[in-house]
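Here's a quick tour of one protein model, written for someone who'd rather be at the bench. Have a look at the structure first, then read on.

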Amino acid sequence: MHRSFIILLCLGFVRAILQNITVDDTSPDIVYGGGTFHCNATAPCPDGLKAGLFNESATLTLSPIVFNFTGVAFYASLDLVGAAAIILDEEEPVILSNPLSDILAGSGQGSRNISKTGLANIPHTLTIAPNTTLTPPTIIGFDQLIYTASLPDKKSHVGAIVGGVLAGVAVIFGMLFAALFARRRKLILRRNQRKSAVLRGITVARQNHNAGEEDAKELP
Ligand SMILES: *[C@@H]1O[C@H](CO)[C@@H](O)[C@H](O)[C@H]1NC(C)=O
Ligand SMILES: *[C@@H]1O[C@H](CO)[C@@H](O)[C@H](O)[C@H]1NC(C)=O
């Protein structure tokens, strides 16, 4: 019972709401390390990039893209010609490759979704670094990024704490009552034992006394 109270309290602190936040390539939260070309409805994106773009826009760049977020997952959507390293924090880079020769040969890949889930809920830095040593240099067409924020559920937070405290108080009272009841029972038992011992003593004494009287009577 006591343990369940502690678990209830902990649940109050752990509980969180997961929320997906979509960041468009036009968002000021996306930091481009160099020149960019924004394509959209009025400045059409290249044919291979056009289909299914979020907000009908993408950003073309030859430079690294950096995004800082605090959350437990990210899902990025991009296209590229060449190769790029996807780097999350200090982790080993993941290399995406789509060589121009493949595209020209008709075996190039379309837009890519890269994701990582199960991250610690701490600040992260995602870097998409194009390989600039290729000829021609890598072009990235960045469409959008979703990250999953883990927000504390304030309402159930307070609810769980209040619930936990009430449960705890109930448990403590329950234990107190149980202890008092057990003590009372023990006292009553002991008193009854004492009482019956006294009664037994009295009975024995009376019997002896009666026996004594009878003995006395039998005396000549
Ligand atoms: C967030 O979006 C990803 C990809 O679209 C999806 O798999 C995931 O279930 C979403 N998470 C939430 C909490 O909506
Ligand atoms: C869509 O793109 C425009 C600029 O092209 C921008 O002003 C707007 O905020 C974007 N919408 C979303 C939902 O990001």
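Are Phe67 and Tyr147 buried or exposed? Both of them are buried. Keep in mind that this is a predicted model.

## The aromatic cluster

Searching the whole structure turns up four aromatic pairs. One of them joins Phe67 and Phe69, which are stacked, with 5.8 Å centre to centre and 10° between the planes. Phe67 is buried at a relative accessible area of 3%, and Phe69 is buried with 3% as well.

Phe67 also pairs with Tyr147: the ring centres sit 5.7 Å apart and the planes are at 55°, so this pair is tilted. Since Phe67 belongs to strand β5 (residues 65-71) and Tyr147 to strand β10, the pair ties together parts that are 80 residues apart in sequence. Add Phe74, and you have one aromatic cluster made of Phe67, Phe69, Phe74 and Tyr147.

## The disulfide

There's one disulfide in the structure. It links Cys39 and Cys45, with the sulfur atoms 1.9 Å apart. The link of Cys39 and Cys45 is right-handed, at 95° about the S-S bond.

Both ends are tucked away: Cys39 is buried at 1% relative accessible area, and Cys45 counts as buried at 5%.

## The largest pocket

The largest pocket offers about 240 Å³ of space. Its lining has 15 residues, and Pro46, Gly48, Leu49, Asp79 and Val81 are the closest to the centre. Elements giving two or more residues to this lining are α2 (47-50), β6 (73-88) and β10 (139-152).

By chemistry, the lining of the largest pocket splits into eight nonpolar, five polar and two charged residues.

Definitions and conventions
Residues numbered from 1 in each chain as written. Chains lettered and ligands numbered in written order. Predicted model: local features only at pLDDT ≥ 70, side-chain atom pairs only at ≥ 80, totals over all residues. Heavy atoms only, no water. 1 Å grid on protein atoms, 1.4 Å probe; cavity = no way out; pocket = protein on both sides within 12 Å on 5 of 7 lines; lining within 4 Å. Points joined across faces, edges and corners; volume = space filled by probe spheres on them. Helix = DSSP H or I, 4+ residues; strand = E, 2+ residues; numbered from the N terminus. Nonpolar A, V, L, I, M, F, W, Y, C, P; charged D, E, K, R; others polar. Disulfide = S-S within 2.5 Å. Buried < 20%, exposed > 50% of the residue type's maximum accessible area, 1.4 Å probe, protein only. Phe/Tyr/Trp six-rings, centres within 6.5 Å; stacked < 30°, edge-to-face > 60°.
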